[in-house]
Amino acid sequence: MKVLSIDQDEVITEGGFLYAINTFLRTNYVKEDFKDFYMQDVVPKELQEDFFKFLININIYKHCYFLDGAVDTIRLLNEKYDLVINTSYIIREIPYLSGKLLLQKHNFFMENLPFLSPNQFIFGTRKDLVSADIKIDDRLDNLKNCKTKYLFTNYHNTNLTYEDLNKLDVVRVNDWYDVKAKLLVK
(Lines give C-alpha, C1' and ligand atoms only; values in the text may rest on other atoms or scores of the structure.)
Protein backbone atom coordinates (compact mmCIF):
# COMPACT_ATOMS: atom_id res chain seq x y z
CA MET A 1 0.00 0.00 0.00
CA LYS A 2 1.41 3.42 -0.96
CA VAL A 3 2.08 5.99 1.76
CA LEU A 4 0.16 9.24 1.30
CA SER A 5 1.14 12.28 3.39
CA ILE A 6 -1.31 15.19 3.57
CA ASP A 7 -0.76 18.61 5.13
CA GLN A 8 -3.57 20.13 7.22
CA ASP A 9 -3.44 23.93 7.39
CA GLU A 10 -4.54 25.55 4.12
CA VAL A 11 -4.97 22.08 2.57
CA ILE A 12 -7.58 20.28 4.66
CA THR A 13 -8.74 23.25 6.74
CA GLU A 14 -8.37 27.00 6.74
CA GLY A 15 -9.71 30.12 8.38
CA GLY A 16 -8.57 29.78 11.99
CA PHE A 17 -5.44 31.90 11.75
CA LEU A 18 -7.25 34.50 9.66
CA TYR A 19 -10.03 34.58 12.26
CA ALA A 20 -7.42 35.34 14.94
CA ILE A 21 -5.89 38.16 12.91
CA ASN A 22 -9.25 39.74 12.07
CA THR A 23 -10.54 39.43 15.62
CA PHE A 24 -7.39 40.86 17.18
CA LEU A 25 -6.93 43.71 14.68
CA ARG A 26 -10.69 44.28 14.17
CA THR A 27 -10.21 43.92 10.42
CA ASN A 28 -11.94 42.05 7.61
CA TYR A 29 -9.05 40.51 5.73
CA VAL A 30 -9.71 37.62 3.36
CA LYS A 31 -7.03 35.15 2.37
CA GLU A 32 -6.68 36.73 -1.09
CA ASP A 33 -5.37 39.88 0.63
CA PHE A 34 -2.17 37.95 1.44
CA LYS A 35 0.61 36.93 -0.94
CA ASP A 36 3.13 35.54 1.54
CA PHE A 37 2.68 32.43 3.67
CA TYR A 38 3.01 34.21 7.01
CA MET A 39 -0.28 36.06 7.53
CA GLN A 40 0.90 37.27 10.93
CA ASP A 41 3.31 39.66 9.19
CA VAL A 42 0.34 42.03 8.80
CA VAL A 43 0.28 42.56 12.57
CA PRO A 44 2.24 45.73 13.44
CA LYS A 45 5.49 45.06 15.34
CA GLU A 46 4.31 46.96 18.41
CA LEU A 47 1.23 44.67 18.67
CA GLN A 48 2.88 41.33 17.96
CA GLU A 49 3.53 40.30 21.55
CA ASP A 50 -0.12 40.91 22.45
CA PHE A 51 -1.29 39.20 19.26
CA PHE A 52 0.61 36.00 19.99
CA LYS A 53 -0.69 35.92 23.58
CA PHE A 54 -4.17 36.26 22.12
CA LEU A 55 -3.53 33.62 19.44
CA ILE A 56 -2.26 31.00 21.85
CA ASN A 57 -5.34 31.35 24.06
CA ILE A 58 -8.27 31.26 21.62
CA ASN A 59 -7.94 27.79 20.02
CA ILE A 60 -7.90 28.70 16.33
CA TYR A 61 -9.13 25.18 15.50
CA LYS A 62 -12.54 26.09 16.87
CA HIS A 63 -12.67 28.76 14.17
CA CYS A 64 -11.42 26.90 11.11
CA TYR A 65 -13.45 25.04 8.52
CA PHE A 66 -12.89 22.11 6.22
CA LEU A 67 -12.32 22.84 2.57
CA ASP A 68 -15.10 21.58 0.34
CA GLY A 69 -14.78 17.87 -0.34
CA ALA A 70 -11.86 17.35 2.05
CA VAL A 71 -13.43 15.06 4.65
CA ASP A 72 -15.17 12.74 2.18
CA THR A 73 -12.08 12.49 -0.03
CA ILE A 74 -9.78 11.82 2.92
CA ARG A 75 -12.15 9.10 4.13
CA LEU A 76 -11.90 7.40 0.72
CA LEU A 77 -8.14 7.93 0.44
CA ASN A 78 -7.74 6.33 3.86
CA GLU A 79 -9.23 3.11 2.47
CA LYS A 80 -6.83 3.01 -0.49
CA TYR A 81 -3.58 4.40 0.95
CA ASP A 82 -1.49 4.22 4.09
CA LEU A 83 -2.50 7.78 4.93
CA VAL A 84 -0.88 10.18 7.39
CA ILE A 85 -1.66 13.78 8.25
CA ASN A 86 1.74 15.50 8.38
CA THR A 87 1.25 18.92 9.93
CA SER A 88 3.18 21.64 11.68
CA TYR A 89 2.04 23.25 14.89
CA ILE A 90 4.96 25.56 15.60
CA ILE A 91 4.40 29.29 15.14
CA ARG A 92 7.61 30.91 13.90
CA GLU A 93 7.59 33.73 16.46
CA ILE A 94 6.57 31.69 19.53
CA PRO A 95 8.00 28.18 19.26
CA TYR A 96 8.21 27.91 23.07
CA LEU A 97 4.42 28.40 23.38
CA SER A 98 3.38 26.30 20.40
CA GLY A 99 2.89 23.11 22.42
CA LYS A 100 -0.56 24.40 23.32
CA LEU A 101 -1.41 24.44 19.60
CA LEU A 102 -0.28 20.82 19.31
CA LEU A 103 -2.90 19.74 21.84
CA GLN A 104 -5.58 21.87 20.16
CA LYS A 105 -4.75 20.45 16.74
CA HIS A 106 -4.65 16.86 18.02
CA ASN A 107 -8.05 17.27 19.67
CA PHE A 108 -9.45 18.85 16.49
CA PHE A 109 -8.40 15.76 14.50
CA MET A 110 -9.83 13.37 17.07
CA GLU A 111 -13.19 15.17 17.12
CA ASN A 112 -13.56 15.82 13.39
CA LEU A 113 -11.78 12.94 11.66
CA PRO A 114 -12.90 9.98 13.78
CA PHE A 115 -12.15 7.50 10.97
CA LEU A 116 -8.42 8.23 11.40
CA SER A 117 -6.28 6.76 14.15
CA PRO A 118 -4.05 9.06 16.23
CA ASN A 119 -1.21 6.89 14.90
CA GLN A 120 -1.83 8.56 11.53
CA PHE A 121 -0.90 12.04 12.82
CA ILE A 122 2.64 13.35 12.39
CA PHE A 123 3.27 16.65 14.16
CA GLY A 124 6.44 18.53 13.32
CA THR A 125 7.91 21.28 11.25
CA ARG A 126 10.44 19.44 9.07
CA LYS A 127 7.93 17.75 6.75
CA ASP A 128 10.68 17.41 4.17
CA LEU A 129 12.25 14.69 6.36
CA VAL A 130 9.15 12.48 6.22
CA SER A 131 9.30 9.97 3.40
CA ALA A 132 6.14 9.03 1.49
CA ASP A 133 5.16 7.81 -1.96
CA ILE A 134 2.79 10.76 -2.44
CA LYS A 135 2.62 14.14 -0.71
CA ILE A 136 -0.02 16.87 -0.81
CA ASP A 137 1.04 20.22 0.63
CA ASP A 138 0.60 23.92 -0.06
CA ARG A 139 4.34 24.64 0.30
CA LEU A 140 6.94 23.50 -2.22
CA ASP A 141 9.65 23.08 0.41
CA ASN A 142 7.56 20.35 2.07
CA LEU A 143 7.30 18.29 -1.13
CA LYS A 144 10.57 16.42 -0.74
CA ASN A 145 11.24 12.74 -0.02
CA CYS A 146 8.43 11.51 -2.24
CA LYS A 147 7.86 10.24 -5.76
CA THR A 148 4.60 12.04 -6.50
CA LYS A 149 4.23 15.70 -5.48
CA TYR A 150 0.97 17.62 -5.40
CA LEU A 151 0.96 21.33 -4.63
CA PHE A 152 -2.39 22.33 -3.19
CA THR A 153 -3.34 25.77 -4.47
CA ASN A 154 -3.70 28.46 -1.86
CA TYR A 155 -3.23 32.22 -1.52
CA HIS A 156 0.55 32.17 -1.11
CA ASN A 157 1.45 29.86 -4.02
CA THR A 158 -0.69 31.16 -6.87
CA ASN A 159 2.34 32.93 -8.36
CA LEU A 160 3.88 29.56 -9.28
CA THR A 161 3.09 28.71 -12.88
CA TYR A 162 2.41 25.27 -14.27
CA GLU A 163 5.72 25.59 -16.13
CA ASP A 164 7.57 26.31 -12.86
CA LEU A 165 5.94 23.33 -11.20
CA ASN A 166 6.52 21.04 -14.18
CA LYS A 167 10.27 21.73 -13.99
CA LEU A 168 10.17 20.55 -10.36
CA ASP A 169 8.04 17.50 -11.21
CA VAL A 170 5.17 18.91 -9.15
CA VAL A 171 1.49 18.76 -10.11
CA ARG A 172 -0.89 21.47 -8.96
CA VAL A 173 -4.24 20.47 -7.46
CA ASN A 174 -6.75 23.28 -7.00
CA ASP A 175 -9.20 21.58 -4.66
CA TRP A 176 -10.23 18.26 -3.18
CA TYR A 177 -12.11 17.32 -6.35
CA ASP A 178 -8.79 17.51 -8.23
CA VAL A 179 -7.20 15.33 -5.54
CA LYS A 180 -10.03 12.81 -5.84
CA ALA A 181 -9.70 12.71 -9.63
CA LYS A 182 -5.93 12.15 -9.46
CA LEU A 183 -5.77 9.63 -6.62
CA LEU A 184 -9.10 7.79 -6.59
CA VAL A 185 -10.67 7.79 -10.03
CA LYS A 186 -8.91 5.32 -12.32
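Visitor: In which loop is Asp128 found?

Guide: In this predicted model, Asp128 is found in the loop that runs between strand E5 (121-123) and strand E6 (132-137).

Visitor: Is Asp128 buried or exposed?

Guide: The relative accessible area is what to read here, and a residue counts as buried when that value is under 20%. Asp128 has a relative accessibility of 16%, and therefore counts as buried.

Visitor: Which residues does Asp128 touch, once its neighbours in sequence are not counted?

Guide: Leaving out residues up to four places away in sequence, Asp128 touches Lys135, Asp141, Asn142, Lys144 and Asn145. In addition, the side chain of Asp128 makes a polar contact with the side chain of Arg126, at 2.8 Å.

Visitor: Asp141 is on that list; with which residue does the side chain of Asp141 meet in a salt bridge?

Guide: The side chain of Asp141 meets that of Arg139 in a salt bridge, with an N to O distance of 3.4 Å. Asp141 is partly exposed, with a relative accessible area of 36%, and Arg139 is also partly exposed, with a value of 23%. Elsewhere, salt bridges that share partners join Asp7, Lys127 and Asp137 into one network.

Visitor: How many salt bridges are there by this rule?

Guide: The count comes to 10 salt bridges, and one of them is formed by Arg92 with Asp41, where the closest N and O atoms are 2.5 Å apart. This pair links distant parts of the chain, since Arg92 lies in the loop between strand E4 (82-87) and helix H4 (99-112), whereas Asp41 lies in the loop between H1 and H2, and the two are 51 residues apart.

Visitor: How should I read the accessibility of Arg92 and Asp41?

Guide: Arg92 is partly exposed, with a relative accessible area of 40%, and Asp41 is partly exposed as well, at 45%. The side chain of Arg92 also meets that of Glu93 in a salt bridge, at 2.6 Å from N to O, and Glu93, at 24% relative accessibility, again counts as partly exposed.

Visitor: Turning to the backbone, what is to be noticed about the phi of Arg26?

Guide: The general idea is that most residues other than glycine have a negative phi. Phi of Arg26 is near 55°, which is a positive value in a residue other than glycine. Arg26 is found in the loop between helix H1 (16-25) and helix H2 (48-58), and with a relative accessible area of 75% this residue is exposed.

Visitor: And what is the phi of Asn59, and where does Asn59 lie?

Guide: Phi of Asn59 is near 60°, again a positive value in a residue other than glycine, and Asn59 lies in the loop between H2 and strand E3 (65-66). Asn59 is buried, with a relative accessible area of 16%, whereas Arg26 is exposed.

Visitor: Which residues of the largest nonpolar core touch the most other members?

Guide: That core has 45 residues, and those touching the most other members are Leu4, Ile6, Phe51, Leu77, Ile136, Trp176 and Leu183.

Visitor: With which residues is Ile136 in contact?

Guide: Setting aside its neighbours within four places in sequence, Ile136 is in contact with Leu4, Ser5, Ile6, Asp7, Val11, Leu143, Tyr150, Phe152, Val179 and Leu183.

Terms used. Residues are numbered from 1 along each chain as its sequence is written. This is a predicted model: local features need pLDDT of at least 70, side-chain atom pairs count only at pLDDT 80 or more; totals for chains, interfaces and linings use all residues. Side-chain values use heavy atoms; hydrogens and water are left out. Helices (H or I, at least four residues) and strands (E, at least two) are DSSP runs, numbered from the N terminus. Buried means under 20% relative accessible area, exposed over 50%, partly exposed in between (1.4 Å probe, protein chains only). A nonpolar core is a set of buried Ala, Val, Leu, Ile, Met, Phe, Trp, Tyr and Cys residues joined through side-chain atoms within 4.5 Å. Contact means heavy atoms within 4.5 Å. A salt bridge is a side-chain nitrogen of Lys or Arg within 4 Å of a carboxyl oxygen of Asp or Glu. A polar contact is a pair of N or O atoms within 3.5 Å; within protein, one must be able to donate a hydrogen and the other to accept it, and residues adjacent in sequence count only if both atoms are side-chain atoms.
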